[in-house]
Structure formats: structure tokens, C-alpha cells
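Got the structure open in your viewer? Keep the selection tool handy, and let's walk through it stop by stop.

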Amino acid sequence: MNPSMSRDTPAIEMRNVSCRFISPDGKATIALRDFSMSVARGEFVAIVGPTGCGKSTTLSMITGLLKPTTGEVRVMGAPVDGIDPRIGFVFQADAVFPWRSVLDNVAAGPLYRGRSKSAAYDEANEWLRRVGLDKFGKHYPHQLSGGMRKRVALAQTFINRPEILLMDEPFSALDMQTRTLMQDELLQLWAGAGSVVFVTHDLEEAIALADRVFVLTARPATLKKVYEIDLPRPRVTSEVRYDPRFIEISRDIWHDLREEVQIG
Amino acid sequence: MSTTTSEQMMPSGIDAASLAHVERVAQKRIRQRHALVISLRIVVLVVVLGGWELSARLKWIDPFFFSMPSAIFDQIVDWFVNGTSQGPLLTQVWVTLEETALGFLIGSVAGVFCGIVLGRNKLLSDVFSLYIKIANSIPRVVLGSVFVIALGLGMASKVALAVVMVFFVVFANAFQGVREADRFMIANAQILGASRRQVTTSVVIPSALSWILASLHVSFGFALVGAVVGEFLGSKQGIGLLISTAQGAFNASGVFAAMIVLAVVALAADYLLTAVEHRLLKWRPAAV
């Protein structure tokens with residue numbers, strides 16, 4: 001396609017991006033200031049920062065739902081223009097459609113994209129099996145637990161085979177045990193296929209999952225520091241957190257983050 | 001203490017036999033309460049109707065003005081058997097029902113359509129919301145007179161009034177329902193690949209549906225009011241005319257009898273709408 005595009009082109013590139021919001025009553029606030037980040041293909045990046053600092057803003061700009069005020073956002077080497085079909089997004093809130101059965105929810109992506117009904121449902125059944133919900137295809141979301149609904153959301157996103165997966169505190173509403181299970185499930189589903197940007201306020205979650213952790217400052221957010229997480233893969237999130245190296249890294253990052261949380 | 005599941009080790013009070021006993025007692029109590037409620041309802045009905053009948057017969061109230069249950073019943077039977085002054089009773093019911101249903105259908109379709117269009121378009125909704133608020137605050141029954149003048153004594157004027165009565169209620173609800181559509185769900189659909197039209201049909205309309213259906217309940221009653229008031233203001237057929245004729249003849253029983261016929265029609269329609277609603281909203285958790 002594009003001659004400048006090669007394996008070395010980063011999947012996501014943000015160069016000196018700032019973002020300013022205009023509220024409905026006409027006031028301007030700065031959510032993000034001079035932020036730069038580059039995510040390689042197949043890399044798992046986590047962004048942590050104090051609550052409400054503008055972490056989610058970065059994701060909105062990658063999807064194209066939000067335009068940067070200054071700076072440049074590139075996806076697969078090309079500037080962002082509208083929603084890129086190679087992107088998948090898992091939300092913090094329950095964004096599965098309550099009026100569709102579990103199977104219809106998972107099949108939504110292929111159907112929107114014009115696949116035939118039989119192909120879409122075949123694939124949906126396959127993904128339901130992968131997330132262990134093959135017996136629940138006919139159920140409606142309200143009949144499932146929070147963890148199961150999140151699995152539906154994961155299957156719904158993964159069925160489109162996104163090359164870039166954006167996750168906005170996807171597991172923050174789950175209880176501790178379910179969250180750990182979901183993290184492992186995510187790592188298995190991902191398995192290095194595609195780049196992930198995972199926004200969270202949970203530092204341990206970020207370290208357990210990611211290759212690199214970006215720490216943001218309090219609002220207006222800017223990059224404070226980037227940490228390489230050199231824990232070996234494949235990781236089991238429920239065990240890796242007892243690794244001495246994990247504890248060491250988490251102590252370092254927390255030292256940085258604490259100042260920002262106190263400011264925020 | 002060691003954990004064991006053998007029944008002999010269970011302390012008394014939570015073994016199988018006593019659980020079954022407690023369940024039986026509880027279920028009996030629930031049944032008894034149900035029976036109590038129903039019998040109290042019957043008592044209330046008997047006291048009210050009996051008191052009315054009695055005080056009319058004893059001349060505590062004037063049966064000429066306030067009628068009495070037995071006279072109302074006789075009137076309904078008479079209408080059924082001998083027909084009304086305007087023709088058979090069922091024809092009158094049918095005429096009113098036709099006007100109501102037509103007005104309800106046109107009004108709600110138009111209301112849903114306008115609600116969705118304005119709900120999805122910020123500029124249109126900012127411009128029109130003021131006028132709709134004004135139009136909504138006018139007592140719309142008054143328009144009935146205009147419709148009778150303009151559209152004549154036939155069905156059109158009643159349907160028009162019913163449409164006006166229904167439209168605003170349904171419109172307001174559809175509009176609100178569209179605006180309340182969860183923005184994360186909309187974003188989710190967009191990222192999954194939905195076009196703007198697919199977002200409207202597969203996210204916005206389903207999420208507005210519970211609002212719209214709730215308004216349909218209320219607005220069927222409004223359509224009935226519109227049709228009856230329209231007939232009242234001038235017509236050749238219908239229950240509204242029946243009421244106005246009875247009023248002209250100082251026939252209080254006739255007015256009450258027509259009212260009861262209307263109530264039966266409204267209740268039947270409500271039952272039907274509830275059934276439709278359950279069918280369409282089966283994805284929702286059961287109401288607590």
C-alpha cells in the first residue's frame with residue numbers, strides 16, 4: 001500500500017499532542033499537554049495516572065472520536081481521520097447492548113461491517129466458545145454477572161480482529177478475584193497479536209500486563225516517565241505479582257505516582 | 001469443629017424436615033394474604049355500589065341527577081338489546097374506537113418519527129424545542145372546535161383531535177429517549193463498525209423504545225379523550241354523541257353508562273398494549 005509503511009512503522013504515534021476541551025458553557029480546559037508516545041506493533045502499553053487526569057483522552061484521540069488541538073496522532077503510519085476499522089475498544093462502562101442476546105452482541109461487529117449473517121454467527125459462536133460463554137448465547141446481558149458481561153465485551157471486540165486494541169479501565173468495576181481472572185484471559189486472547197494501549201488507575205494491573213508503563217502527571221496531564229517492564233512472558237497475573245522484580249518495579253512507579261495523586 | 005454434611009449432624013431448625021415445614025407455613029401465609037386482598041377489594045366494591053344504590057333509593061341523594069347502579073345497568077342492557085337513539089350500541093363503540101385507533105396510530109408514528117429526527121440533530125432540536133414547548137402548553141382540546149369547523153362533522157375532525165392529543169406526548173418521550181441513549185454504547189457501535197444509520201437503528205431506537213412504549217400507554221387514553229371530545233363538539237355517531245345526547249335529555253344514567261362502556265374499551269386497549277410491551281422489552285430485567 002503505502003511505501004513508507006513497513007514493519008518498523010509504529011502502530012500508534014503521538015507527537016507533542018495537546019488537547020483542549022471547550023465545555024458546553026464555553027469554558028476551555030486543558031486535558032493533555034505536550035504528550036508523546038509511540039507504540040510498536042505487538043507491544044502492550046499501559047497508561048497510569050491519577051483519576052481524572054486525561055488518560056482516556058489519549059484513547060479518544062487514537063480512535064478519532066476526538067481531535068488533538070495541537071500535535072499529531074498517527075495510526076499505522078497515517079494521520080488519524082475518522083474511526084480506523086483496525087481499532088478495537090473496550091470500555092469501562094457496560095457498553096454491550098442490553099436488548100441484544102449475547103450471541104447477537106458478539107456478532108454485531110461483523111454484521112455492521114457487512115459480513116453475511118451465517119458467517120457472522122459462525123464466527124460469533126467461535127468467539128463465545130473461546131471466552132467460555134458458549135452456553136449463554138441466548139441469554140440477555142442482564143442475566144449475566146459483571147465478569148461474564150466483560151467477557152462478552154471482549155469477544156465483541158476481538159471478533160473484529162483489531163490490530164490495535166484500546167482499553168479504558170476495562171476491569172475497574174469488577175471485584176478483585178474476577179479482575180485477576182479477566183487479566184489472564186486478556187493476555188491469552190491477545191497473545192502478542194496486535195498492539196494494546198491499556199488505560200488504568202491500578203498500578204499493579206499495569207505492571208502485570210504491560211511491556212511499558214507510561215506514568216502521567218496530574219491535570220493538565222503530561223508524560224512523567226516511561227518504565228520498561230522486563231518481566232518474562234508468558235505471565236500469569238495472579239502469580240507475577242509476588243515476583244521480587246514486580247515488587248521492585250511497583251515500588252519505583254508508586255514513588256512517582258504518589259506525588260501526582262497528592263497534587264491531583 | 002469439623003465440617004460435615006450428614007443430616008444427623010445438622011442442629012435442629014435447619015434440617016430438611018423443619019425447612020419443609022417452615023416453607024409450607026410461609027406459602028400458606030402468602031396464599032392467605034392474597035385471599036385477604038381480593039376479599040377486601042370485593043368488600044370495597046360492594047360498599048361503594050351498595051351505598052350509592054341505597055342512598056339513591058332512600059332519597060338521600062336525588063337519583064334523577066346522580067342515578068344509581070341498577071339504573072345504569074338497566075341502561076346498558078337497554079342499549080344492547082334495543083339499540084341507542086343513534087343506532088346499535090356496538091356501532092357507536094366501533095365508530096369511537098376507529099377514530100381513536102386512527103388518531104393514535106397517526107399521532108404516535110408522527111411523534112416517534114419527529115422525536116428521533118430532532119433527537120439525533122442538535123441544531124433542529126435547539127431551534128424547535130421552544131415551539132414544541134409552547135405548543136405543548138396550549139390546552140389542545142380547544143383545537144377540537146377548529147377541527148369541527150374546518151373538517152366537518154365526520155370522522156376526520158375527531159381523528160385530527162386525537163392525533164394532536166397523542167403527538168406531543170409521544171414526541172416528547174421519543175425525543176427524551178433518544179437523548180438518553182448511552183454515549184458509550186453509541187461509541188461502541190461506531191468503533192465496531194456501525195454507520196450513522198446503523199447507530200440510529202440498532203442503538204438509538206432500541207434504547208428509546210422503553211420511553212416510547214411508556215408514552216403509548218398514556219397516549220392511548222389521550223386519543224380516546226380526543227375522539228370523545230370531538231364527538232361531543234359535533235358529530236353524527238359515537239359514544240361522545242351518546243353522552244351529549246344523554247346530557248341533553250337530563251339522562252344521568254345514560255352518561256354513566258357511556259362512561260362505563262368507555263372504561264371497558266380503555267382497559268382492553270391497555271391490556272393489549274401491556275402485552276405488546278412485554279413482547280418488545282423482553283430483554284429488560286423483570287421489574288422489582
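Start where chain A and chain B touch. This is a predicted model, so everything you click on here comes from a prediction. Select the contact between the chains: chain A puts in 20 residues, and chain B puts in 14 residues. Now hide chain A and look at the side of chain B that touches it. Which elements give two or more residues to that side? They are α8 (183-192) and α9 (196-233) of chain B. The one that gives the most is α8(B), with seven residues. Try colouring this side of chain B by residue class: you'll get ten nonpolar residues, four polar ones and no charged ones.

Next, keep just α8(B) and α9(B) on screen. Their axes come within 10 Å and cross at roughly 130°. Angles over 145 degrees would count as roughly antiparallel, and 65 to 115 as roughly perpendicular; α8(B) and α9(B) are therefore oblique to each other. Their crossing is right-handed. To see where the two helices meet, show the side chains of Met185(B), Ile186(B), Ala189(B) and Gln190(B) in α8(B). Across from them, in α9(B), pick out Gln198(B), Val199(B), Ser202(B) and Val203(B). Sorted by class, this contact of α8(B) with α9(B) has five nonpolar residues, three polar ones and no charged ones.

Now slide along α9(B) and bring in another partner: helix α6 (residues 143-151) of chain B. How do α6(B) and α9(B) cross, left-handed or right-handed? The crossing is right-handed. The axes of these two helices come within 9 Å, at an angle of roughly 60°, and that makes α6(B) oblique to α9(B). On α6(B), click Gly144(B), Ser145(B), Phe147(B) and Val148(B); they meet Val229(B), Gly230(B) and Leu233(B) in α9(B). The residues of this contact of α6(B) with α9(B) split into four nonpolar, three polar and no charged.

Time to zoom out on chain B and see what the record says. An unreviewed UniProt entry annotates residues 93-273 of chain B as "domain: ABC transmembrane type-1". Select that span and switch to cartoon view: residues 93-273 of chain B are 87% helix and 0% strand, and the end C-alpha atoms are 19 Å apart. The unreviewed UniProt entry also marks stretches of chain B as "transmembrane region", among them 159-178 and 199-229. Highlight residues 159-178 of chain B and you'll find 100% helix and 0% strand, with 27 Å between the end C-alpha atoms. Do likewise for residues 199-229 of chain B: that span is 100% helix and 0% strand too, and its end C-alpha atoms lie 41 Å apart.

For the last stop, bring chain A back and look for strands. Six of them form an open sheet, in the order β6-β7-β8-β3-β9-β10 (chain A), with mixed pairing. Which strands sit at the edges? Those are β6 (87-90) and β10 (223-228) of chain A, each pairing on one side only. Turn the sheet and look for its twist, which averages 15° from one strand to the next. Then zoom in on the edge strand β6(A) and its neighbour, strand β7 (residues 164-168) of chain A: the two pair in the parallel sense over four bridges. To finish, click Ile87(A) and look across to β7(A), where Ile164(A) stands opposite.

How values were computed
Residues numbered from 1 in each chain as written. Chains lettered and ligands numbered in written order. Predicted model: local features only at pLDDT ≥ 70, side-chain atom pairs only at ≥ 80, totals over all residues. UniProt positions renumbered as here; feature names shortened; annotations may be inferred. Pairing = 2+ DSSP bridges. Axes fitted to C-alpha atoms, helices over the stretch in contact; angles between N-to-C directions. Contact = placed C-beta atoms within 7 Å. Nonpolar A, V, L, I, M, F, W, Y, C, P; charged D, E, K, R; others polar. Parallel < 35°, antiparallel > 145°, perpendicular 65-115°, else oblique. Left-handed = near helix turned anticlockwise from the far one by under 90°.
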